[in-house]
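Hi,

Here is the structure I promised to pass on. Have a look at it first, and my notes follow underneath.

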Amino acid sequence: MVVLFATQSGGAESLAKDLKEDAAEKGLAASLHDLATMDVSKLAGLCKTKPPPALVFIVSTWTGGLAPPACQPLFAELLKSSGATAKALGACRFCVYALGDSVYAADGHFCKAARDLEGWMLGA
């Protein structure tokens, strides 16, 4: 299992670390990655192992439904990508946990970064 997080204030990172520790306690191998330090090719490379790992994304939402600022370049690049990147990531099972403020539900921005990521992954 590969646990990936996008955080601004540390909440997503804390949950990601807890998940990795829980997995280890149950005998499951898990790695932890900050999406702020990833690019699309590095992310796609995670899925090239046999068998491909399960990806667990824990994504917080920033102002206007965006990914946290440090992760915005990756999200922008990923959501525009296709071809080999989509094929590689499409080989992985995944889930997306979204963290956000329900105050943004009325304007459609509630957890938008995570919803966009999920939509892209479903199409990969």
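For surface patches, I took residues with over 30% relative accessible area and no salt bridge, joining like charges within 9 Å and nonpolar side chains (Val, Leu, Ile, Met, Phe, Trp, Tyr) within 5 Å. A salt bridge here is a Lys or Arg side-chain nitrogen within 4 Å of an Asp or Glu carboxyl oxygen, and areas are Shrake-Rupley values with a 1.4 Å probe, where for residues only the protein chains shown count as cover.

It's a predicted model, so local features need pLDDT of at least 70 and side-chain atom pairs pLDDT 80 or more, while totals for chains, interfaces and linings use all residues. Residues are numbered from 1 along each chain as its sequence is written, and side-chain values use heavy atoms, without hydrogens or water.

On the outside, Val103, Tyr104 and Phe110 make a nonpolar patch of about 260 Å². Val103 counts as exposed because its relative accessibility is 61% (exposed is over 50%, buried under 20%, partly exposed in between; 1.4 Å probe, protein chains only).

Now the inside. β1 (strands are DSSP E runs of at least two residues, helices H or I runs of at least four, numbered from the N terminus) has 5 of its 5 residues buried. Val2, Leu4 and Ala6 are on one side, with Val3 and Phe5 on the other. β1 pairs with β2 (residues 31-34) in the parallel sense over 4 bridges (pairing takes at least two DSSP bridges), and Phe5 has Asp34 as its bridge partner in β2.

Cheers
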